[in-house]
Amino acid sequence: MDLPDPDSVPRREFCKAAVALGGVAGLSACLGRDGDSDEDAVEGGPLDGVPAGDPGDAPERQHAWNDALDRDEAGNAVPPTHHVLRYVDVDRGDETLAAARERVEAAFTDLERAFERSPAGLLFTVGYSPSYFDRLSGSLPESVDLPAPRPLTGLEDPSFDEADALVHLAADDPAAVLAADEALFGGATAANGVAVTDAGDLFEPVDRRTGFHGPGLPRERRDVDGIPDDAPVPEGAPLFMGFANGFAASQATEGRVTIGAGPFAGGTTQQVSTIRTQLDAWWSQESHAQRVAKLFSPTHADEERVGEYGERLGDDPGVADLPEDAVAYAREEGVVGHAQKAARAREDGEPRLLRRDFPTTDGDHTGIHFLTLQESIADFVAVRDAMTGADITDETAVGSRVNNGILQYLFVRSRGNFLVPPRGLRALPDPNPRHDR
Ligand code: HEM
């Protein structure tokens, strides 16, 4: 991919492109843009304004990011701005498992030393796929539900992400994700001024995907396929569909998504659907009220609950207090909302998924890396079934996927399932590890 002319696009847009490009070239472009490109920083020297960290501060749950995240005025957790998903296979050659494990753990610990565990520094998780565990002797304990990925609706035909491991890197400063990525998987021997143990030879890159989350970012990137160039995406919206997401009341707590028993207690499962969105009709044919009805619910549209992009919702989109019988509701209204449908899968009134999704322009097309954390993959399947709403499509005049939430705009391209172990087991875990390994 080509980088835009740094003088003709806003800084944020340029940096997003640099993250997507990756490598030394991306890092160097990103630092050069800020005028502080010195060879030293590109080669792993200190980055301006990026705080160092202390591995001793890291909690046992890799996915415990919420305490470190900023909050907006309503108290919603604010996701980091820049994201890289690194899909890799593990190849340790002739090295013993113990030695390889030690090097991988050392590299991750070094990253924690190099970067404060926060959006200003770096947040990351590492997860392992069913194919990774299948190749090892022994099997996962019953307390871990990690099936191979599969299509979840008749409307999708995804490919499957079966790489051994997925590393999710996230930070507000694009240079931080790029430097961490280079130190783990590229040629850099340090990041942010701290030497990082070389474990790159143990990982074979399979795929690298990128994205971003922040108000105004989709508006700046309307020039890609999948959305009209002049789509009136509000400045405040972090999603290409023109709204905010991730309101606190619609998110599972970190406790709810944590595996409670067995050797992987403290871990979680991670599902990533890479979704392409086709939003030409969304922006050219739907009114604002129709967009609200399809994303939230017709009640939200009638009562003007949402505002321009969600600023009236506070910390609760209020989808749980709608009539429980969505089929009857759909029959009456002729439209049913996405969030309203998905909320039917709550358990005891509590959401089951902690959604950490972020938009993307990978392949110069709008999309979303729909990354979720849940205790078991079965939780994800149940919520996805509710979101798909086959019962609604089959049993009402709403028919097909038109007017059934946002289904007609989404195309799942690939899906992967991963186990994100507790921190103590994050380096090349056995399927059924002993705690004293
Ligand atoms: C382009 C893709 C998607 C967009 C733009 C999107 C957007 C949204 C928005 C704006 C909300 C309401 C506010 C909030 O996030 O708190 C929401 C809620 C939700 N969405 Fe999505 N979503 C997408 C795909 C999916 C998929 C594939 C699932 C599959 C499981 C899903 C599950 C949920 C759930 C569980 C909720 C919360 C429901 C509750 O309150 O219990 N979303 N989504």
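In this predicted model, the protein chain is assigned two domains: domain 1 covers residues 1-126 + 164-212, and domain 2 covers 130-163 + 224-437. Each domain is thus written as a pair of sequence stretches. The contact between the domains draws on 39 residues from domain 1 and 46 residues from domain 2. Measured out from their C-alpha centres, domain 1 and domain 2 are 25 Å apart.

Attention now turns to the ligand. The space that the ligand takes up is the largest cavity. Around the ligand there is a shell of 28 residues, and the closest of them are Gly246, Ser250, His338, Arg346 and Arg355. Sorted by chemical character, the shell contains 20 nonpolar residues, five polar ones and three charged ones.

Several elements of secondary structure help to build this shell. At least two residues each are supplied by β10 (268-277), α12 (338-342), β13 (367-374) and α13 (377-388). Among the contributors, α13 gives the largest share, with four residues.

A look at single atoms adds detail to the picture. Gly246 takes part through its backbone, where a polar atom lies 2.7 Å from an oxygen atom of the ligand. Ser250 uses its side chain instead: a polar atom there is 2.5 Å from a ligand oxygen atom. With His338, the partner on the ligand is a nitrogen atom, found 2.9 Å from an N or O atom of the His338 side chain. Gly246, Ser250 and His338 are also among the residues listed as closest to the ligand.

Key:
Residues are numbered from 1 along each chain as its sequence is written. This is a predicted model: local features need pLDDT of at least 70, side-chain atom pairs count only at pLDDT 80 or more; totals for chains, interfaces and linings use all residues. Side-chain values use heavy atoms; hydrogens and water are left out. A residue is near a molecule or strand if one of its heavy atoms lies within 4 Å of it. A polar contact is a pair of N or O atoms within 3.5 Å; within protein, one must be able to donate a hydrogen and the other to accept it, and residues adjacent in sequence count only if both atoms are side-chain atoms. On a 1 Å grid over the protein atoms alone, a cavity is a set of points where a 1.4 Å probe fits but cannot get out, and a pocket is an open set with protein on both sides within 12 Å along at least five of seven lines; lining residues have an atom within 4 Å of a point. A molecule sits in a cavity or pocket if more than half of its atoms lie within 2 Å of its grid points. Ala, Val, Leu, Ile, Met, Phe, Trp, Tyr, Cys and Pro count as nonpolar, Asp, Glu, Lys and Arg as charged, and the others, Gly among them, as polar. Domain bounds come from an automatic or database domain assignment. Contact means heavy atoms within 4.5 Å.
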